[in-house]
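Visitor: I would like to learn how to read a few features of a structure. Please take them one at a time.

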Amino acid sequence: MYEIEMVLDAIKEGAVNPGDAVIKTGLPRYEVLALFHILEELGLIEPVYSKGSHKAFRLTKKGEEILEGLKKGYELHVFVKPNLIQG
């Protein structure tokens, strides 16, 4: 989970692309790219700029809350459960 905290922390300053996060965190590019996809799907980051394959992201409110919790030493658990509401 330390990598998630590192990437969220790198994004907190504003519009950041994966390349910027690689430089800020020192993590391998493939790992940062995978984390960006996961964090976006979880609703923790959102694109603020997109042109072709170039995207810049920022933290969502939920992303800010998760980062704050991780910095306090909280654990992050992701649960998958069935959607009981059928519409």
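Guide: We will go through an aromatic pair, a hairpin, a pocket and a nonpolar core; the model is predicted.

Visitor: How many aromatic pairs are there, and how is such a pair described?

Guide: A pair of aromatic rings is described by the distance of the centres and the angle of the planes. Here the count comes to one aromatic pair. The rings are those of F36 and F57, with 5.2 Å from centre to centre and 75 degrees between the planes, an edge-to-face arrangement.

Visitor: Which parts does the pair of F36 and F57 tie together?

Guide: F36 belongs to helix 3 (residues 29-41) and F57 to strand 2 (residues 54-59), so the pair links parts that are 21 residues apart in sequence.

Visitor: Is F36 buried or exposed? And F57, buried or exposed?

Guide: The cut-off for buried is under 20% relative accessible area. F36 has 3% relative accessibility, so F36 counts as buried. F57 is also buried, because its relative accessible area is 4%.

Visitor: In which sense do strand 1 and strand 2 pair?

Guide: Strand 1 (residues 45-51) pairs with strand 2 in the antiparallel sense, over six bridges. For one position to look at, I45 stands opposite L59 in strand 2. The two strands form a hairpin with two residues between them. In the turn, G52 has a positive phi of about 65 degrees.

Visitor: What is the volume of the largest pocket, and which residues line that pocket?

Guide: Rolling a probe the size of a water molecule over the atoms shows where empty space is left. In this model the largest pocket has a volume of about 220 Å³. Its lining includes N17, R29, H37, E40 and K55, and also F36 and F57, the two members of the aromatic pair. Helix 2 (18-25), helix 3 and strand 2 each supply at least two lining residues. Helix 3 gives the most, with five residues. By type, the lining divides into four nonpolar, five polar and three charged residues.

Visitor: Which residues touch the most other members of the largest nonpolar core?

Guide: In soluble globular proteins, nonpolar side chains tend to be buried together. The largest nonpolar core here has 21 residues, and those touching the most other members are I4, V7, L8, I11, F36, L39 and I45. Helix 1 (2-11), helix 2, helix 3, strand 2 and helix 4 (61-71) each supply at least two residues of this core. The largest share comes from helix 1, with six residues.

Methods
Residues are numbered from 1 along each chain as its sequence is written. This is a predicted model: local features need pLDDT of at least 70, side-chain atom pairs count only at pLDDT 80 or more; totals for chains, interfaces and linings use all residues. Side-chain values use heavy atoms; hydrogens and water are left out. Rings of Phe, Tyr and Trp (its six-membered ring) pair if their centres lie within 6.5 Å; planes under 30 degrees apart count as stacked, over 60 as edge-to-face and the rest as tilted. Helices (H or I, at least four residues) and strands (E, at least two) are DSSP runs, numbered from the N terminus. Buried means under 20% relative accessible area, exposed over 50%, partly exposed in between (1.4 Å probe, protein chains only). Two strands pair if DSSP finds at least two bridges between them. On a 1 Å grid over the protein atoms alone, a cavity is a set of points where a 1.4 Å probe fits but cannot get out, and a pocket is an open set with protein on both sides within 12 Å along at least five of seven lines; lining residues have an atom within 4 Å of a point. Grid points are joined across faces, edges and corners, and a volume is the space filled by probe spheres set on the points. Ala, Val, Leu, Ile, Met, Phe, Trp, Tyr, Cys and Pro count as nonpolar, Asp, Glu, Lys and Arg as charged, and the others, Gly among them, as polar. A nonpolar core is a set of buried Ala, Val, Leu, Ile, Met, Phe, Trp, Tyr and Cys residues joined through side-chain atoms within 4.5 Å.
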